Amino acid sequence: MPKLSVWSIRASLIYLALGFTFGALLLFNKGEPISPVVWSLLPAHIDFLLFGWTLQLVIGVAFWILPRYRRPPKRGDVRVAWTSVVLLNVGVLVAAFGPWLTSAPGVSLVGKGLEAGAALLFVLHAWPRVKPPGA
Amino acid sequence: MPTLTRWFVKASLVYFIAALLSGVILALRPVLDLPGFLNALGPVYFHLFMVGWVSQLIFGVVYWMFPKYTSENPRRSESLAWATWGLINLGLILRTLGEPLVAAKPGAGYGWVLATSAILQWLAGLAFVANTWGRVKER
């Protein structure tokens, strides 16, 4: 498994653990109320599990198993893929926690923009690797 | 394909159907004037899909396909992986029953069903992470 996949998949596992923790607090609070403040975890729960866990796992596994090129670099321009992973992680954290840290309008927009940029870079990287064997 | 992966994948397929059927019930509710507590199936619909179908399919395939932990112990702890399967499914079933129950009879003391479901699913997530972490490695 290449280094980028190790980092992105391990990051996705961290988001899974945190996202499940937030989700468990939310569900517990729904059944046996602890505090209304717990509901503020909802955006982080959603972003962590949809983008931090599921999407990032897909990116890490795709980088690992999509067909490689005949000549080095076998997995294409790794810098594009690394930039995608970095943007995704910063985007998830900004989208999840930005509204807690600042009341500035548009902080969620910044987070979502970074996530969209990550998606664009990942597609740019992966697109030519979706090819028949030997091509 | 290991036995546990078959259980994960087949359970995920059942949730796939269950999720879409709960979506049908949600869409039918206003058309047929079904009881209002069925609106509580909203979060159930989403979690049957994302936890029951998507995540559980991933759990099963990861257990099967990720790099071996060691040659003697390729999938790390089989008992921890089975615990993940049991906890996630029991937790999700409890949620599926508990959400409409709590909505239909608020204050009747059924909140513990959701609280128990929360703890079971949380433990399942942690067990999966613990068992998978060491298998995410460079050659």
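At which residue does H2(A) bend, and by about how many degrees? Select H2(A) and go to Phe48(A), where the helix bends by about 35 degrees. The model on screen is a predicted one.

**Chain A as a whole**

Zoom out and show chain A by itself. Its secondary structure consists of 4 helices and 0 strands, and the order along the sequence is α-α-α-α. The C-alpha trace spans about 60 × 30 × 20 Å along its principal axes. Colour the chain by accessibility: of its 135 residues, 45% count as buried. If you draw the contacts with a separation of 6 or more in chain A, 73% of them join residues 24 or more positions apart.

**Helix H2 of chain A**

Return to H2(A) and place a distance between its end C-alpha atoms. They are 33 Å apart, which agrees with the 34 Å that 24 residues should span at 1.5 Å a residue. The bend of about 35 degrees at Phe48(A) is part of this same helix, H2(A).

Next, select Asp47(A), also in helix H2 of chain A. Is Asp47(A) buried or exposed? Its relative accessible area is 6%, so Asp47(A) is buried, the cut-off being under 20%. Show what surrounds this side chain. Leaving aside residues up to four places away in sequence, Asp47(A) touches Gly52(A), Val92(A), Ala95(A), Ala96(A), Lys112(A) and Glu115(A). For a distance within the chain, pick Asn29(A): 18 residues separate Asn29(A) from Asp47(A) along the chain, and their C-alpha atoms are separated by 19 Å.

**Chain B as a whole**

Now hide chain A and show chain B. Here too the secondary structure comes to 4 helices and 0 strands, with the pattern α-α-α-α along the sequence. Taken along the principal axes, the C-alpha atoms fill a box of roughly 60 × 30 × 25 Å. Chain B has 139 residues, and 45% of them are buried. Among its contacts with a separation of 6 or more, 77% are between residues 24 or more positions apart.

**Helix H3 of chain B**

Select residues 78-104 of chain B, which form helix H3. This helix has 27 residues and reaches 39 Å from its first C-alpha to its last, close to the expected 39 Å. Move along H3(B) to Gly98(B), where there is a kink of about 25 degrees; the proline Pro100(B) follows shortly after.

Which residues of H3(B) are buried? Among them are Ala81(B), Thr84(B), Trp85(B), Ile88(B), Asn89(B), Leu92(B) and Arg95(B). Gly98(B), Glu99(B) and Pro100(B), around the kink, are also buried. Bring chain A back to see what covers the buried residues of H3(B): the cover includes helix H1 (3-31) of chain A, and from chain B helix H1 (3-32), helix H2 (41-65) and helix H4 (111-133).

**Where H2(A) meets H2(B)**

Finally, show H2(A) and H2(B) together. Two packed helices are described by the angle between their axes and the distance between the axes. The axes of H2(A) and H2(B) come within 13 Å and cross at roughly 30 degrees, and the crossing is left-handed. On the H2(A) side, select His45(A), Leu50(A), Trp53(A), Thr54(A), Leu57(A) and Trp64(A). On the H2(B) side, select Phe46(B), His47(B), Met50(B), Val54(B), Ser55(B), Ile58(B), Phe59(B) and Met65(B). Coloured by class, this contact shows 10 nonpolar, 4 polar and no charged residues.

Notes: Residues are numbered from 1 along each chain as its sequence is written. Chains are lettered from A and ligands numbered from 1 in the order in which they are written. This is a predicted model: local features need pLDDT of at least 70, side-chain atom pairs count only at pLDDT 80 or more; totals for chains, interfaces and linings use all residues. Side-chain values use heavy atoms; hydrogens and water are left out. Helices (H or I, at least four residues) and strands (E, at least two) are DSSP runs, numbered from the N terminus. The expected span of a helix is 1.5 Å times one less than its number of residues. The bend at a residue is the angle between axes fitted to the seven residues ending there and the seven starting there. Buried means under 20% relative accessible area, exposed over 50%, partly exposed in between (1.4 Å probe, protein chains only). Contact means heavy atoms within 4.5 Å. Axes are lines fitted to C-alpha atoms, for helices over the stretch in contact, and angles run from 0 to 180 degrees between N-to-C directions. A crossing is left-handed if the near helix is turned anticlockwise from the far one by less than a right angle, and right-handed if clockwise. Ala, Val, Leu, Ile, Met, Phe, Trp, Tyr, Cys and Pro count as nonpolar, Asp, Glu, Lys and Arg as charged, and the others, Gly among them, as polar.
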